[in-house]
Amino acid sequence: MILQVKELRKSFGDLSVLKGVSLTLEPKVLCALIGPNGAGKSTLFNVITGLFKGNNGKVFFDGRDITDWEAYRISSMKLSRTFQIVSIFNRLSSFDSVQAALISCHKQTLDLLTKGKGLFRGKVLQLLDLVGLGDKAYWPSNALAHGEKKRLELAIALANEPKMLLLDEPTSGMAPDETGEIMSLIKKLRDEMGVTIFFVEHDMRAVFEWAERIIVLHQGAVFADGLPMEIKNDKRVQEIYLGSGV
Amino acid sequence: MIQAAQSIRNKGWLLWASGLVLLLVISPLVVSEFWIYMLTDIMAYCIFALGYNIVLGYGGMMPFGHAGFYGAGAYFLALALIMVRMPFWAALVLAPLFSTFLAAIIGFFSVRRRAFYLAILTLAFGQLIWSVILKWYSLTGGENGITGIPLPDVISTPGNLYFFTLAIAGGCVYVIYKIIDSPFGRVLQAMRENPQRMEFTGVNLDQHRLIAFVISAFFAGLGGTMHAVVTRCVFPDLADWAKSGEVVITCMLGGMNTFFGPVIGVAVLFFMHTILGRFTAYWAWILGVLFILLVLFLPDGIMGYIQQSRIASWFQQRESESRT
């Protein structure tokens with residue numbers, strides 16, 4: 001397995017958000033994490049990636065115990081993520097944004113002597129082409145449309161050459177066509193680069209069309225875990241989350 | 001098309017830079033001794049401002065105690081030459097390194113804090129340096145400062161000192177530019193825009209902030225050292241919080257998000273001090289009003305405004321090209 005979460009708990013004051021989450025993910029899986037609002041999906045991502053410290057429990061990634069590690073150390077283990085609210089470098093160009101992430105990936109962040117301009121040019125343009133931003137490489141990031149910003153954030157995460165990607169609502173705010181494009185790209189990353197994908201998504205069409213495995217989180221605990229058809233036909237899941245229309 | 005535009009822009013910059021260098025080289029031949037002295041001091045201050053802008057403009061931090069490093073460099077040089085009788089060139093090298101050493105200690109405690117807390121903490125450390133300078137009378141001379149700093153014969157004339165300072169300042173411009181353009185500089189700029197995003201690509205934020213802080217303190221120390229060389233005297237004001245505020249103003253005035261913005265800011269500051277100071281003792285009031293107007297109407301500073309106009313025209317050009 002590439003990721004193992006054991007009895008993870010997280011509270012904010014009296015509010016208990018994660019109440020003992022346990023799950024495992026096999027390498028190269030395309031797994032969706034779903035659940036009603038407030039189920040603890042983003043909090044789970046935040047604890048796994050080191051943004052928050054858990055109160056209890058363990059997280060193992062790629063054979064190592066990463067519980068309570070600093071976020072930058074976890075990222076160095078090739079565990080990348082994107083955020084629910086798009087998180088990019090507003091005043092940098094798309095090129096400079098991806099280049100900065102590549103510099104970090106290649107452990108050159110303390111290099112004061114090498115010329116930075118044009119560094120990793122080929123790789124940067126390749127990544128921007130991959131996410132469909134090749135023609136806007138020199139645009140300031142804040143001049144991009146919302147969907148393009150999401151793509152750029154994905155390119156920044158990919159520059160870390162991740163073994164695993166945690167994507168928090170990668171298609172939120174996108175039109176159906178664009179959602180398909182992004183999900184197709186995510187599947188391509190798994191198929192061609194062998195990246196394990198774990199994503200939170202509210203668009204149920206996208207989830208059932210693209211995910212190979214679905215984990216349902218409810219009230220801070222894993223409620224169901226299985227193949228898309230199993231989840232779709234699980235009456236308990238329908239009751240708590242999907243509604244009778246599915 | 002983009003490459004062609006880039007090439008024209010580069011040629012434009014080359015032309016500007018060549019003109020500026022030519023102007024600086026011939027200036028001592030055509031201006032009075034007073035202005036040679038002024039220009040020399042301006043260049044020394046530019047080292048301080050450009051160095052400070054590494055943390056302010058490129059690092060997105062606003063430490064408020066850099067005058068402490070400026071003053072420490074100046075006093076180290078003065079004391080090394082007068083009290084220890086150290087060779088001038090050794091003192092010149094060691095003085096900014098002393099500021100760097102202080103910055104490593106102060107930065108270690110300060111850069112872990114963000115925004116307001118960083119400003120206050122560095123202000124406190126800066127004032128600590130200032131109070132040591134002011135109160136340790138037997139060593140520093142207190143309010144009387146230290147005067148009569150000896151210089152080697154080779155730079156004792158105004159003209160030679162001017163060219164010596166020009167060479168040091170030119171070297172600093174080159175080194176700072178290289179740092180900003182290095183992989184470290186590029187990561188620093190990304191950290192300024194979104195530290196959390198950069199942390200999630202594997203960057204240890206505190207470590208990189210500390211390095212930027214220490215580098216900027218080196219240039220602050222060198223600026224102070226050169227100021228002591230130029231004026232041949234040092235006073236406690238060099239390390240005072242007002243000096244720390246002054247360098248923030250010069251960077252913001254000129255445009256902290258541009259490389260040469262701080263140089264423009266320093267030029268405006270010295271111009272107001274020297275020219276307006278002749279007519280009124282309240283020149284700082286005019287500077288204050290100018291600063292308020294700039295923050296309100298040109299928040300990116302003078303150079304920042306020019307750069308933004310260039311970017312806007314680039315977008316307009318792209319838009320018109322895409323229509324045709």
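The following conversation walks through a predicted model, looking at how its two chains meet and how some helices of chain B pack.

Trainee: How much area do chain A and chain B bury between them?

Mentor: The size of an interface is often given as the accessible area lost when the parts come together. Here the contact draws on 40 residues from chain A and 31 residues from chain B. Carbon and sulfur atoms carry 60% of the buried area, and the total between chain A and chain B is about 3,200 Å².

Trainee: Which residue of chain A meets Arg186(B) in a salt bridge?

Mentor: The interface of chain A and chain B holds four salt bridges by the rule used, which accepts a side-chain nitrogen of Lys or Arg within 4 Å of a carboxyl oxygen of Asp or Glu. For Arg186(B) the distance from N to O is 3.4 Å, and the partner that supplies the oxygen is Asp96(A).

Trainee: Which helix gives the largest share of the side of chain A that touches chain B?

Mentor: Between the two chains there are 15 residue pairs in polar contact, counted where both residues have pLDDT 80 or more. On the side of chain A, the helices α2 (71–76), α3 (94–105) and α5 (146–158) each supply at least two residues. That side has 19 nonpolar, 13 polar and eight charged residues. The largest share, six residues, comes from α3(A).

Trainee: Turning to chain B alone, at what angle do the axes of α4(B) and α10(B) cross?

Mentor: Two packed helices are described by the angle between their axes and the distance between the axes. Helix α4 of chain B spans residues 88–110 and helix α10 of chain B spans residues 205–231, and their axes come within 8 Å. The crossing is right-handed, and its angle is roughly 145°.

Trainee: How many charged residues does the contact of α4(B) with α10(B) have?

Mentor: On α4(B) the contact includes Phe88(B), Leu92(B) and Gly107(B), while α10(B) contributes residues including Leu210(B), Phe213(B) and Thr225(B). Sorted by class, the contact has 17 nonpolar and five polar residues, and the number of charged residues is none.

Trainee: How far apart are the axes of α4(B) and α5(B)?

Mentor: Helix α5 of chain B covers residues 115–135 and packs with α4(B) at an angle of about 150°, in a right-handed crossing. Leu102(B), Ile106(B), Phe109(B) and Ser110(B) of α4(B) meet Leu118(B), Leu121(B), Thr122(B), Phe125(B) and Ile129(B) of α5(B). By class this contact has seven nonpolar, two polar and no charged residues. The distance between the axes of α4(B) and α5(B) is 10 Å.

Technical notes
Residues are numbered from 1 along each chain as its sequence is written. Chains are lettered from A and ligands numbered from 1 in the order in which they are written. This is a predicted model: local features need pLDDT of at least 70, side-chain atom pairs count only at pLDDT 80 or more; totals for chains, interfaces and linings use all residues. Side-chain values use heavy atoms; hydrogens and water are left out. Axes are lines fitted to C-alpha atoms, for helices over the stretch in contact, and angles run from 0 to 180 degrees between N-to-C directions. Helices (H or I, at least four residues) and strands (E, at least two) are DSSP runs, numbered from the N terminus. A crossing is left-handed if the near helix is turned anticlockwise from the far one by less than a right angle, and right-handed if clockwise. Contact means heavy atoms within 4.5 Å. Ala, Val, Leu, Ile, Met, Phe, Trp, Tyr, Cys and Pro count as nonpolar, Asp, Glu, Lys and Arg as charged, and the others, Gly among them, as polar. Buried area is the accessible area (1.4 Å probe) that two parts lose on being put together, summed over both. A polar contact is a pair of N or O atoms within 3.5 Å; within protein, one must be able to donate a hydrogen and the other to accept it, and residues adjacent in sequence count only if both atoms are side-chain atoms.
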